[in-house]
Amino acid sequence: MSKKIPRSDYEKTVSFHFKRWLSGTDDTFAGKVEMKPQTVKRKNNAEIMEREIAKKDLRERVYDLANNRELKWVGKLYNCFAVFFCLVLAVMLLFAVSNLPSFGEASNPVNNEVSARYIEKGMEETGAVNIVTGMILDYRAFDTLGESHVLFIATCAVLLLLRVDPKKKKEEEEAANDRVLEPKNDVILQTVARFLVPPVIIFGIYVILGGHLGPGGGFSGGAIIGAGLILYLNAFGFKKTEKFFTAKTYKIMSVAALGTYALCKSYSFYTGANDIHSIIPLGTPGNILSSGLILILNICVGIVVAGTMYTFYCMFRKGDY
Amino acid sequence: MNVVFTDVLLFFLLVCAIAASFSKKLLNSILIFMSFSLIMSIIWIILESPDLAITEAAVGAGVTTVLFFVTLKKIREIVSTDEEGDAKDEQKDPQK
């Protein structure tokens, strides 16, 4: 334990100021700039009414389609331009498509040495039996990192849009809102879920862990696990899922997974760019503990995707976890 | 045999795509869209890309459909039987 310092000393430290600045309570201009508190401008009711009526009147006069000839013309012109632009865009795109090389021809630019190298040396270099996984998680792992971040950002956007403010929640509870309605205790659904959820989640884990051996991988496995969690939530309600999955769990899970992914990939980029031999053994292709970092990356992607799917559902359903 | 099967599946795919956009009820649209994803995942298997097939089945037919259902419930397009009376009243009174 560190030594406890008195409050007045603590308030002088940098960390205290930083903390206050982070939380937004620290006013950097306090005591430095001359300021005057703003007075609230008051309007009487009659003034507001008058303004509303004037606004309405103006709108009616502007959008009076029967008498306003200019507006009619502008509307027609607008429609013509919309059709014209659509046609131009369609023609341009069709022209571009007609210039594409024909499908499946041997001299197409896609048939270059890159795909040949992936097919010939893919297993040797990445250690993954499944070439697709070797490609997306080894040769092009940077793209997959971006994809995982896109998912995380999408969740953040959904959080911003759909999250219910806990302070306002109580007011809304009074209004008949389906946010607060727990799923009904349906016997059929619960029995089916009891038998179906464990196999679904185990299958998801299998798809993630076997991503480098057969079809599957982090994204599909994570989606399967997410679907299993959603089914469980639908059958048993939020009270049971909140025991093991809350907003905090999701944050910790995704940040840890994305951080691990970024660390692993930066290591392999560093060694690759500087021609240092990577110390991670590739193992025998076909074993579950093989193909270097691909297994770890698969697990990371799976965790992020499963959490994202579940969070989407929670946000849509309740606006909270 | 396989060619015929693929042709039938592609035909179903077209039918689903057109029906989903022209169906009057949103709920039916979602169900048709779900079958579209399911057919698409079978086509992925025939095209020898099982990775995509698994993803399509899990995301397209599973999670997306559920999210659509929840959204429909949010905007009161689906109503359970005991709420139906209230919802009809609401529709009659657009001012509300």
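This report walks through a predicted model of two chains, A and B, from their overall make-up to the places where they meet.

**The two chains**

Let us start with what each chain is built from. Chain A comes to 13 helices and zero strands, while chain B has four helices and, again, zero strands. Read from the N terminus, chain B therefore follows the pattern α-α-α-α. The table sets out some overall values for the two chains.

| Chain | Residues and share buried | Share of contacts (separation of 6 or more) that join residues 24 or more apart |
|---|---|---|
| A | 321 residues, 23% buried | 73% |
| B | 96 residues, 21% buried | 38% |

**The core they share**

Which residues touch the most other members of the largest nonpolar core? They are Ala223(A), Leu297(A), Met309(A) and Tyr313(A), in a core of 55 residues. Both chains contribute: at least two residues each come from helices 6 (131–139), 7 (141–162), 9 (187–209), 10 (218–236), 12 (247–273) and 13 (294–317) of chain A, and from helix 2 (26–46) and helix 3 (50–74) of chain B. Helix 13 of chain A supplies the largest share, 16 residues. As a piece of background, nonpolar side chains in soluble globular proteins tend to be buried together.

Ala223(A) is a good residue to click on if you want to see the two chains come together. Setting aside residues up to four places away in sequence, Ala223(A) touches Val305(A) and Met309(A) in its own chain, and Thr55(B), Ala58(B), Val59(B) and Val63(B) in the other.

**Where chain A meets chain B**

The contact between the chains takes 18 residues from chain A and 14 residues from chain B. On the chain B side, these divide into eight nonpolar, three polar and three charged residues.

Helix 10 of chain A and helix 3 of chain B pack against each other here, with their axes 9 Å apart and an angle of about 30° between them. Angles under 35 degrees count as roughly parallel, so helix 10 of chain A is roughly parallel to helix 3 of chain B. The crossing of this pair is left-handed.

Which residues of the two helices meet? From helix 10 of chain A come Phe219(A), Ser220(A), Ala223(A), Ile224(A), Gly226(A), Ala227(A) and Ile230(A). From helix 3 of chain B come Asp51(B), Ile54(B), Thr55(B), Ala58(B), Val59(B), Gly62(B), Val63(B) and Val66(B). By class, the residues of this contact are ten nonpolar, four polar and one charged.

**Helix 10 and its partner within chain A**

Helix 10 of chain A also packs against helix 9 of chain A: their axes come within 8 Å and cross at roughly 165°. Since angles over 145 degrees count as roughly antiparallel, helix 9 of chain A is roughly antiparallel to helix 10 of chain A. This crossing, too, is left-handed. The contact between helix 9 and helix 10 of chain A has 17 nonpolar and eight polar residues, and no charged residues.

**Less covered places**

Helix 2 of chain A (residues 14–23) is hardly covered, with zero buried residues among its ten. Gly24(A) follows this helix and has a positive phi, near 85°.

Chain B has a positive phi as well, at Glu48(B), with a value of about 60° although the residue is not a glycine. Glu48(B) lies in the loop between helix 2 and helix 3 of chain B. Is Glu48(B) buried or exposed? Glu48(B) is exposed, because just 8 other C-beta atoms lie within 10 Å, and 12 or fewer is the cut-off for exposed.

**Helix 1 and helix 2 of chain B**

Val3(B) sits in helix 1 (residues 2–22) of chain B. It counts as exposed, with 8 C-beta neighbours inside 10 Å. Val3(B) and Ile46(B) are 43 residues apart in sequence, yet their C-alpha atoms are 9.9 Å apart in space.

Ile43(B) belongs to helix 2 of chain B. With 19 C-beta neighbours inside 10 Å, Ile43(B) counts as partly exposed, because a buried residue needs 20 or more. The C-alpha atoms of Ile43(B) and Phe5(B) are separated by 9.7 Å, although these residues are 38 apart along the chain. Beyond its neighbours within four places in sequence, Ile43(B) is in contact with Leu9(B) and Leu13(B).

Key:
Residues are numbered from 1 along each chain as its sequence is written. Chains are lettered from A and ligands numbered from 1 in the order in which they are written. This is a predicted model: local features need pLDDT of at least 70, side-chain atom pairs count only at pLDDT 80 or more; totals for chains, interfaces and linings use all residues. A nonpolar core is a set of buried Ala, Val, Leu, Ile, Met, Phe, Trp, Tyr and Cys residues joined through C-beta atoms within 7 Å. Two residues are in contact if their C-beta atoms, placed from the backbone, lie within 7 Å. Ala, Val, Leu, Ile, Met, Phe, Trp, Tyr, Cys and Pro count as nonpolar, Asp, Glu, Lys and Arg as charged, and the others, Gly among them, as polar. Axes are lines fitted to C-alpha atoms, for helices over the stretch in contact, and angles run from 0 to 180 degrees between N-to-C directions. Angles under 35 degrees count as roughly parallel, over 145 as roughly antiparallel, 65 to 115 as roughly perpendicular and the rest as oblique. A crossing is left-handed if the near helix is turned anticlockwise from the far one by less than a right angle, and right-handed if clockwise.
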